[in-house]
Each structure stands twice: as C-alpha cells, then as structure tokens.
Amino acid sequence: EKKPKPTLEDLRVKEQWRKYQHIGEPLHWAAAIGDHIATKEMVCGLEGAKMVPRSEVDHVGRTPLMRAALWGRPMCGEHLIQDFVQRPRPEPPQFNTADPVGWTAFINA
C-alpha cells in the first residue's frame with residue numbers, strides 16, 4: 001500500500017522558537033546559530049512565539065542583526081531586515097546601531 005505524499009505543511013518545521021525559550025536573549029542566539037525559522041517566528045510572533053524586538057541589545061550591546069552578520073548567517077539577517085520593512089514597529093531601526101566597541105552590523109558583515 002502506498003503512503004500518501006506529504007504536503008508542504010506536513011514537512012514544515014514548526015515552533016522552532018521553543019528550543020530557545022529558556023535561554024536568555026533567545027533571538028540573539030537563534031540569529032547567531034543561523035536558525036532562520038526560529039528567528040522569523042520570534043520576529044513576527046508566529047507559531048505562538050513571544051514577539052522579540054529586533055532592536056533589543058544583548059549583554060554586550062549587540063543586536064540580533066549584529067550577531068547574524070558577525071557569524072555569517074545571511075538568512076537570519078534577511079528575516080530581521082525584511083520584516084522591518086514589511087511590518088514597521090515603534091522601535092528604532094538597528095542597521096547602523098553600534099555596539100560598545102563601535103562596530104555595526106555592516107562592519108561585522
């Protein structure tokens with residue numbers, strides 16, 4: 001007997017953000033590791049994830065975009081930038097925000 005072909009919805013990974021829910025700075029970790037699904041879920045508040053501001057700085061003063069750029073995670077950076085364009089929120093854009101050392105996401109990239 002043939003099994004039915006899985007649909008795209010069946011194959012889609014959901015609730016990736018749960019892997020990071022007990023970690024401090026979850027969006028920063030997801031962006032640094034390159035988990036673009038969890039990054040998008042947390043940025044957009046999808047799949048039950050608590051929406052995390054993209055402009056939030058971590059314990060050393062870096063934004064999630066800086067972490068994604070520093071570790072070479074372009075898909076995560078893309079989600080952080082694209083969503084800002086698609087759904088502006090009352091938070092400052094973080095494209096040229098500098099960390100305490102003076103580095104920006106552009107320098108890290």
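Hi everyone, let me start in the middle of this protein. Its largest nonpolar core has 18 residues, and those with the most contacts inside it are Leu27, Met42 and Leu80. Which elements feed that core with two or more residues? They are helix 2, helix 3 (36-44), helix 4 (64-70) and helix 5 (74-86). As a general point, nonpolar side chains in soluble globular proteins tend to be buried together.

Before we go further, please keep in mind that this is a predicted model. The average pLDDT of the protein is 82, and 81% of the residues score at least 70. Helix 1 has the lowest mean pLDDT among the elements, 60, while helix 2 has the highest, 94. In general, where pLDDT is low, the predicted coordinates should not be read in detail.

Now the overall layout. How many helices and strands does the protein have? There are six helices and zero strands, and along the sequence that reads α-α-α-α-α-α. Of the 109 residues, 37% are buried. Looking at contacts with a separation of 6 or more, 59% are between residues 24 or more positions apart. The accessible surface comes to about 7000 Å², and carbon and sulfur atoms hold 61% of that.

Let's zoom in on helix 2, which covers residues 26-33. Six of its eight residues are buried, so the helix is largely enclosed by the rest of the structure. Which ones are they? Pro26, Leu27, His28, Ala30, Ala31 and Ala32. Tryptophan 29 also sits in helix 2, but this residue is partly exposed, at a relative accessible area of 40%. Together with Ile23 and Ile33, Trp29 makes a nonpolar patch on the surface, with about 270 Å² of accessible area between the three of them. Just after the helix comes glycine 34, with a positive phi near 95°.

Helix 3 has its own set of buried residues: Ala38, Thr39, Glu41, Met42, Val43 and Cys44. Here too a glycine follows the helix, glycine 45, and its phi is positive, near 70°.

Next, how does the chain come together around leucine 80? Setting aside neighbours within four places in sequence, leucine 80 is in contact with Leu27, Ala31, Thr39, Val43, Arg54, Pro64 and Leu65. You may recognise Leu27 and Ala31 from the buried list of helix 2, and Thr39 and Val43 from that of helix 3.

Histidine 79 is in helix 5 as well. Is histidine 79 buried or exposed? With a relative accessible area of 16%, histidine 79 is buried. Leaving out neighbours within four places in sequence, its contacts are His36, Thr39 and Lys40. Lysine 40 is 39 residues away in sequence, yet the two C-alpha atoms are 6.0 Å apart in space.

Let's turn to charges. In general, side chains of opposite charge can pair when their charged atoms come close. The count here is five salt bridges, and I'll show you some of them. One joins glutamate 15 to arginine 18, where the closest N and O atoms are 2.6 Å apart. Glutamate 15 is partly exposed, at 34% relative accessible area, and arginine 18 counts as partly exposed too, at 39%.

Another salt bridge pairs glutamate 25 with arginine 67, with the closest N and O atoms 3.9 Å apart. This pair links distant parts of the chain: glutamate 25 is in the loop between helix 1 and helix 2, arginine 67 is in helix 4, and they are 42 residues apart. Arginine 67 also has a salt bridge to aspartate 58, and there the closest N and O atoms are 2.8 Å apart. Arginine 67 is buried, at 10% relative accessible area, and aspartate 58 is buried as well, at 6%. Through shared partners, Glu25, Asp58 and Arg67 become one salt-bridge network.

One last detail, about backbone angles. In general, most residues other than glycine have a negative phi. Which residues here have a positive phi without being glycine? Glutamate 25 is one of them, at about 60°, and glutamate 47 is another, near 55°. Glutamate 47 lies in the loop between helix 3 and helix 4, and at 27% relative accessibility this residue is partly exposed.

So if you open the model after this, try starting from Leu27, Met42 and Leu80 in the core, and then look for the network of Glu25, Asp58 and Arg67. Thanks for listening!

Terms used
Residues are numbered from 1 along each chain as its sequence is written. This is a predicted model: local features need pLDDT of at least 70, side-chain atom pairs count only at pLDDT 80 or more; totals for chains, interfaces and linings use all residues. Side-chain values use heavy atoms; hydrogens and water are left out. Buried means under 20% relative accessible area, exposed over 50%, partly exposed in between (1.4 Å probe, protein chains only). Helices (H or I, at least four residues) and strands (E, at least two) are DSSP runs, numbered from the N terminus. Patches are made of residues with over 30% relative accessible area and no salt bridge: like charges are joined within 9 Å, nonpolar side chains (Val, Leu, Ile, Met, Phe, Trp, Tyr) within 5 Å. Accessible areas come from the Shrake-Rupley method with a 1.4 Å probe; for residues, only the protein chains shown count as cover. A salt bridge is a side-chain nitrogen of Lys or Arg within 4 Å of a carboxyl oxygen of Asp or Glu. A nonpolar core is a set of buried Ala, Val, Leu, Ile, Met, Phe, Trp, Tyr and Cys residues joined through side-chain atoms within 4.5 Å. Contact means heavy atoms within 4.5 Å. pLDDT is the predictor's confidence in each residue, from 0 to 100.
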